[in-house]
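Here are my comments on the structure you sent round, set out as numbered points. Please read them beside the coordinates.

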Amino acid sequence: MRGVRVAWALARHELRLMTSLWLWVARRRHGVGGGTAFGYARGQAALMYGFAFVCVVETVAMSVLLGDWPTVHAVVLFLDVYTVVFVVALHAASVVRPHVLDAGVLRVRRAVHVDLRIPVGRIASVRRELRMTHEPADGELDLAVGSQTTVTVELTEPVTHVTFLGRRHDVRVVRFHADDSDGLVRALAATPSPRGRCR
């Protein structure tokens with residue numbers, strides 16, 4: 001049964017990645033609606049494009065080296081091309097799935113892996129805080145981009161985070177990256193009943 005759940009999670013992940021790639025090409029975003037979007041992909045763009053370039057170079061090199069073995073060449077070429085598409089789709093997912101503040105809910109996301117909805121009424125404080133190291137701790141969720149987070153949100157009561165494989169964890173502190181972290185903090189402070197939130 002666990003194997004079926006893992007297989008379904010992986011299939012769903014691949015489908016969402018390819019959908020994100022299509023949205024990126026079409027210059028559309030997912031789940032923004034009438035809300036205010038706050039991107040976070042800029043902090044990883046150079047790394048992802050660099051990784052994709054390395055994959056392309058490897059694809060060309062392997063294609064030359066395996067020219068005398070057509071079957072092996074075809075298999076490796078397929079895997080290499082898929083790896084390039086996968087890397088680009090990961091970045092695309094981060095671009096088209098930004099954080100969103102809308103209708104009293106802060107939606108914190110990271111590509112297709114995390115989609116956490118935080119009711120604004122549960123936010124005790126929010127602050128711009130640059131952190132480069134993150135130690136795992138109970139009740140805390142760190143969503144680093146480029147090994148850093150720039151916004152820290154503390155909650156009055158926990159919200160439930162569902163992991164990639166469906167495990168559920170209650171979190172009271174959420175740290176994440178936003179390209180415009182100051183703007184996000186100001187937007188949260190301007191929402192109804194912002195007492196004590198902005199620090």
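The points below take up the aromatic rings, a surface patch and a polar contact.

1. Please keep in mind throughout that this is a predicted model, so that the distances, angles and accessibilities quoted below are all computed values that rest on the prediction.

2. How many aromatic pairs does a search of the whole structure find? The search returns 2 such pairs. One of them joins F78 and Y82, whose rings are stacked, with 6.5 Å from centre to centre and 20° between the planes. The label follows from the angle, because planes under 30 degrees apart count as stacked. The centre distance of 6.5 Å should be read against the pairing cut-off, which asks for centres within 6.5 Å.

3. F78 and Y82 are 4 residues apart in helix α3, which spans residues 70-96, and they are therefore separated by about one helical turn. As for their surroundings, F78 counts as exposed because its relative accessibility is 57%, whereas Y82, with a relative accessible area of 33%, is partly exposed.

4. Y82 also pairs with F86, and here the rings are tilted, with 6.3 Å between the centres and 40° between the planes. Y82 and F86 both belong to helix α3, where they too are 4 residues apart, or about one turn of the helix. F86 has a relative accessibility of 24% and so counts as partly exposed, the limit for a buried residue being under 20%. Taken together, the ring pairs link F78, Y82 and F86 into a cluster.

5. Which residues form the nonpolar patch on the surface that has about 400 Å² of accessible area together? The patch consists of F51, F53, V54 and V57. Of its members, V57 can be placed in helix α2, which covers residues 45-65, and the relative accessible area of V57 is 43%, so that this residue is partly exposed. That value is consistent with membership, because patches are made of residues with over 30% relative accessible area.

6. Is T191, in the segment after α4 (181-189), buried or exposed? T191 counts as buried because its relative accessibility is 13%, which falls in the class defined as under 20%. A polar atom of the T191 side chain lies 2.5 Å from the backbone oxygen of L188, and I would suggest looking at this pair of atoms in the display alongside the burial of T191.

How values were computed. Residues are numbered from 1 along each chain as its sequence is written. This is a predicted model: local features need pLDDT of at least 70, side-chain atom pairs count only at pLDDT 80 or more; totals for chains, interfaces and linings use all residues. Side-chain values use heavy atoms; hydrogens and water are left out. Buried means under 20% relative accessible area, exposed over 50%, partly exposed in between (1.4 Å probe, protein chains only). A polar contact is a pair of N or O atoms within 3.5 Å; within protein, one must be able to donate a hydrogen and the other to accept it, and residues adjacent in sequence count only if both atoms are side-chain atoms. Patches are made of residues with over 30% relative accessible area and no salt bridge: like charges are joined within 9 Å, nonpolar side chains (Val, Leu, Ile, Met, Phe, Trp, Tyr) within 5 Å. Accessible areas come from the Shrake-Rupley method with a 1.4 Å probe; for residues, only the protein chains shown count as cover. A salt bridge is a side-chain nitrogen of Lys or Arg within 4 Å of a carboxyl oxygen of Asp or Glu. Helices (H or I, at least four residues) and strands (E, at least two) are DSSP runs, numbered from the N terminus. Rings of Phe, Tyr and Trp (its six-membered ring) pair if their centres lie within 6.5 Å; planes under 30 degrees apart count as stacked, over 60 as edge-to-face and the rest as tilted.
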